[in-house]
Amino acid sequence: MVTASPHRPDGRPAPARQATLGESLRRNGVSRRGFLKFCAATASMMALPPSMAPAIAAALESARRPSVIWLSFQECTGCTESLTRSFSPTVENLILDTISLDYHHTLQAAAGDAAEHAREAAMHANAGEYLVVVDGSLPGPGANPGYSTIAGISNYDMLMETVADAAAVIAVGSCAAFGGLPKASPNPSGAVAVQDLVKDKPVINVSGCPPLPMVITGVLAQYLTFGKLPELDQYNRPLAFFGQSIHDRCYRRPFYDKGLFAETFDDEGAKKGWCLYRLGCKGPMTYNACATMKWNGGTSWPVEAGAPCLGCSEPDFWDAGGFYDALSVPPGNSGDMLLAAGAAGVAVGAGVGLLARSQAKGAAKQHQTVTAEELEQKL
Amino acid sequence: MTEAVLTPGADLPESSGTTQAAGGFSLARGLNALREEMDAPVASFFSSCVHCGLCATACPFFVETGDPKYTPIHKLEPMRILWEQEFTFWGKLKGVLREKLPLDKLGLDKHFAGKQVTDEMLAEWEPLLYDSCTMCGRCSMVCPVGNDIQYMIRKAREGQVASGHSPEGLVAASVRAVNTGSPMGLKWKTLDVQIRHVEQSTGLEVPIDKQGADYLVLLSSMEIINFPEYLEALTKIFAHAGVSWTLSQQCFEATNAGIQIGSKDIAAVLVQRVVDAAEALDVKNVISPECGHAYTAIRWEGPNAIKRAYPFKVFHIIEVLDQLRADGRIKTEGREDDRLSLHDPCNLARKSGVIQQQRNLMDLVAENFVDLKEHGKMQWCCGAGGGVSSNERAEALKLAAFKKKKAQIEEVEPDRMVTMCATCRTQLEEGLEEFTMDIPVIGLTELIADHLVESDEGTHA
C-alpha cells in the first residue's frame, strides 16, 4: 500500500513540479480507495469495460500534470462555479487542482499584464501539448470586438492566438459550445461558438448551462489516461455522457408511458410526481447525463425537484420556444385528419396484405406434394 | 393402406450429379414452400422483432452452449430474408432497383446488395432448425412482442424438406411411417405379440376393432418397444373404470413424423390414417398415448392438415384419466412415500395447456410430491423433442440441452421422476444415466395402475 506521504523514502521532500497526479492526490488527502472508486466510476460513465478501471488508475497515477489554459469570454462564470463549487472536496475537484491550471483569470491572483504573461509563458513552455478550456461565447470576426475584451485584447484574437499551439480545445458550457445566451435572438454582440472559429484543432463540446462537473473531469481523465479524446456525437459532445436522452433515463418515465401527466405545478399529478411533459419538459430532445448522475453530489436534479428539463445542453435552447410549453401538442381539431390518415393507412395496409396473401397463394398453387417415395430417394 | 401420393412431376430430371437435389428437391421448390408459409402472423412477427435476444435466454440449446447461433430467432434467418425481399415494400423496391439500375456504376451496389437465400445457406441452417430446436415453444412464451417463434420454426422446416435439407434420421423415420405404419418400422404383428402378453399377465381382454367403442386407443412405437407396461397399465385402468375402448388393426400409431420433419403433406397422410380408422370403427373419442408431439399432431395440427373437422374428439391419456378421477371412476389405495417430481412434456403443458390434470393424478397416489421450480407452461424442455431424438447427428446437442433439465432436477432432489411422454422419458433415463444420477423415471399411467383398488367384478367392458 502506498502511503500518502509527500516525501520520498529517503526523506527528501518530493519536488513539486515533478509530482505525478497520484502523488499529488494523496498529498491532498485522497485515499487510494477513493481514487480507485473515482476511476471505476469514470470507466462506467465513459461506457468502458470495468476492466479498464485499473488502466485508468495506472495512467492517472503516473500522469504528469498537463498544462491547461482556461479562457473565459462572454459568460456568467456559472460553469466555473459548477466545477469548483459543486461539492467539495471531491476527487473531481482535486483532479482539477492537480492539473497545471496556468491561466484562469477568474481564479488567479494575478491580473492585467502579469496574468497575460503567465498565459504566454505557459503557451511557450508547453507548445503543442496544452489544453485550452473555453467558457463563454465570443463576438465573431465580423462583429464589434469591443463587446468583450481582456487586457485590451479582443476575445477573438486571444482565442486564435492561444489555440494556435494547443493540443485540443474543450468548450465548456452551452455558450462556448453553441453560443448560448449571448447568441440568443437578436444576438446583439454577434456572438459565435468556439467551434465556429476553431477548425484545425479538435473541439470537444461539454454543453450544459452549466455542464455537469463530472463530465468536464471525465473528459480530462480520458485524455490523461489514453492520450486521446473521447468519442463524440454529432454536436462534438462526448458520447459517453451525451449518448442518451434525459427522457430515456428519467425516473418519471413510467408515468409518461402510462399517460399520467402533471397539468399544472400544483395539481394532484405534480404532487404525485407524474411526468412533466405537458409542463414543457424538454427531456425527450435533450441529451445529457443529469438523470443518472444528478447534481450537488447526487442529491437531486431539476426533474426530481419538480421542474421540467429546459434542454440546456442542446444548441440554441434559449430560442426553442417557451420553457413551459409542451414539446408537441396536437393542433386544434385534428380528429378528422387522424381518422382520414388512419383510414388511408388501413387501406394501404390491407392492400399490401392482400398482395402478400396472393403471393403466398400463388406459391401454394405451385406446391409439389412431398411423398415418402421422394424422401426415400434421398436416403 | 399405402396411399402414397403420386409425384406430380414423375418425369423428374435425374438427380445424378447434384448432391442435395435427390427426389426432385431443389432450392426453387424449397423457396416456394417457404413462400407458401408466409401468412399474416409470420409477416407481423418478422416485422415486430426488436432483436432483444430474450428468446436466446429461454432456449436450452443457447443457455447450455452459450453459442449465439442458437438464438431462436436467428434460426429463422433464411425465412426472414425471403420475407423481407419478397413480402415487404422496401425489400421489393430494392429488388427492382437492383435489376433496373446500373448500381455498380453509381457506386451504390453495396447499399442494395441484399443477402440471397442460397442452397448453401439452407444447408448451413439445417442443423440450426433441426438439431438445436425441439419446437418446445419456450422462446414464444418470453418474446416481449409476442412472436410465436416455434410456430415459424415449424413452417421454416417445410422449406428445408422441399429443398432437400432435412436430417437423414427424420427422412428415414418419415419414409418408414408412411410405408410401414410406424416410424420405427413396427407392424401389427409385433403389437399383437405384446397384446397376448398383456392379456396373459392381467387376465383381461384387450379389445381389438370393437365397433362403436367410446375410445380408440393409439400407441407410440417407442412405447411398444421400450415401455410395454403402458398398454398393460391402461388395460387395467380401463377395466377398473369400466371404459369402453378398442385398438384398431388399421392404425395403431399415434406419432407423426411429418410434423417433426416439417412436411404438411406427410403429416396429412399420417393423420388421415387415424381419422380413417376412427371413422371405420365409429368411435366417439381418440386417445393419444403418453407422447407429446403425437397429441399436438392429432389434436391441433391434424384438422388443418386434412382440411376438415373430425367427427370425434381427441384427448391425451392424462386428460382421460383425470376425467375418470373427477367422475369417481378411479379408486386407488396406498400412496408412494418417496419424493416424486414431475416433468411436464412441452407439447402437453406449454402447447396444449394440460397442466393441472397430471398434478391431480399425482395427488391421488403420491404422498411426497414436489414440483420442479419452473414447471407447467414455463417448464424447460428435456432436449429430445421435435425430431431431435430421431436425428443421430444431434446426439451431442441433445445431451447438452438436457443439462438444463438436470439442473432443475438437482434443485429439488427427487427420488424418482414421473412423466407422460415416451420421448421425454427416454431422454430423462439416458441423460440421468449419462450423469450417473440414480433417479428412476416412470410413466404416470403406470403409477396410477399400480394403486388401483383390486376389484372382484373382473372386467367391465
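Student: Before we look at the sheet in chain A, what makes two strands pair?
Tutor: Two strands pair if DSSP finds at least two bridges between them. Strands (E, at least two residues) and helices (H or I, at least four) are DSSP runs, numbered from the N terminus.

Student: Any ground rules for reading this one?
Tutor: This is a predicted model, where local features need pLDDT of at least 70 and side-chain atom pairs count only at pLDDT 80 or more, while totals for chains, interfaces and linings use all residues. Residues are numbered from 1 along each chain as its sequence is written, and chains are lettered from A and ligands numbered from 1 in the order in which they are written.

Student: OK, the sheet. What's the strand order in chain A?
Tutor: The order is β2-β1-β3-β7-β9 (chain A), five strands in an open sheet with parallel pairing. At the edges stand β2 (100–104) and β9 (203–206) of chain A; each has a single partner strand, so one side of each is left without a neighbour in the sheet. From one strand to the next the twist averages 20 degrees.

Student: How many bridges hold β3 and β7 of chain A together?
Tutor: Five bridges join β3 (residues 131–135) of chain A to β7 (residues 168–172) of chain A, and the two run parallel. If you want one to click on, Val134(A) has Ala171(A) in β7(A) as its bridge partner.

Student: Which helices of chain A sit on that sheet?
Tutor: Helix α6 (residues 112–125) of chain A packs on it, touching β1 (67–72) and β2 of chain A, and its direction makes about 140 degrees with that of β2(A). Helix α7 (residues 155–163) of chain A lies across β1, β3 and β7 of chain A, running at about 165 degrees to β1(A). For those angles, axes are lines fitted to C-alpha atoms, for helices over the stretch in contact, and the angles run from 0 to 180 degrees between N-to-C directions. Contact means that the C-beta atoms of two residues, placed from the backbone, lie within 7 Å.

Student: Switching to α11 of chain A. Is it mostly covered or uncovered?
Tutor: Mostly covered: twelve of the 14 residues of α11(A) are buried. Buried means 20 or more other C-beta atoms within 10 Å of the residue's own, exposed means 12 or fewer, and partly exposed is in between, with C-beta atoms placed from the backbone. Among the buried ones are Met214(A), Ile216(A), Leu220(A) and Gln222(A).

Student: And how long is α11(A)?
Tutor: α11(A) covers residues 213–226 and reaches 20 Å from its first C-alpha to its last, close to the 20 Å expected at 1.5 Å a residue. The expected span is 1.5 Å times one less than the number of residues. Right after α11(A) comes Gly227(A), with a positive phi near 70 degrees.

Student: Where are the cis peptide bonds in chain A?
Tutor: One runs from Ser185(A) to Pro186(A), with omega near 5 degrees, and Pro186(A) is in the loop between α9 (180–183) and β8 (191–192) of chain A. Another runs from Cys209(A) to Pro210(A), with omega near 0 degrees; Pro210(A) is in the loop between β9 and α11 of chain A.

Student: What's odd about the phi of Lys294(A)?
Tutor: Phi of Lys294(A) is positive, about 60 degrees, although the residue is not a glycine. Lys294(A) is in the loop between α16 (290–293) and α17 of chain A. Lys294(A) counts as partly exposed because it has 17 C-beta neighbours inside 10 Å.

Student: Now chain B. How many helices and strands?
Tutor: Chain B has 23 helices and eight strands. Of its 461 residues, 50% are buried.

Student: What is the average pLDDT of chain B?
Tutor: Chain B averages a pLDDT of 91, and 92% of the residues score at least 70. pLDDT is the predictor's confidence in each residue, from 0 to 100. Over residues 1–22 of chain B, though, pLDDT stays under 50. Where pLDDT is low, the predicted coordinates should not be read in detail.

Student: Last one: how many residues does each chain put into the contact?
Tutor: Chain A gives 21 residues and chain B gives 32 residues. On the chain A side, α17 (335–365) and α18 (372–378) each supply at least two residues. The model scores ipTM 0.79 and pTM 0.59.
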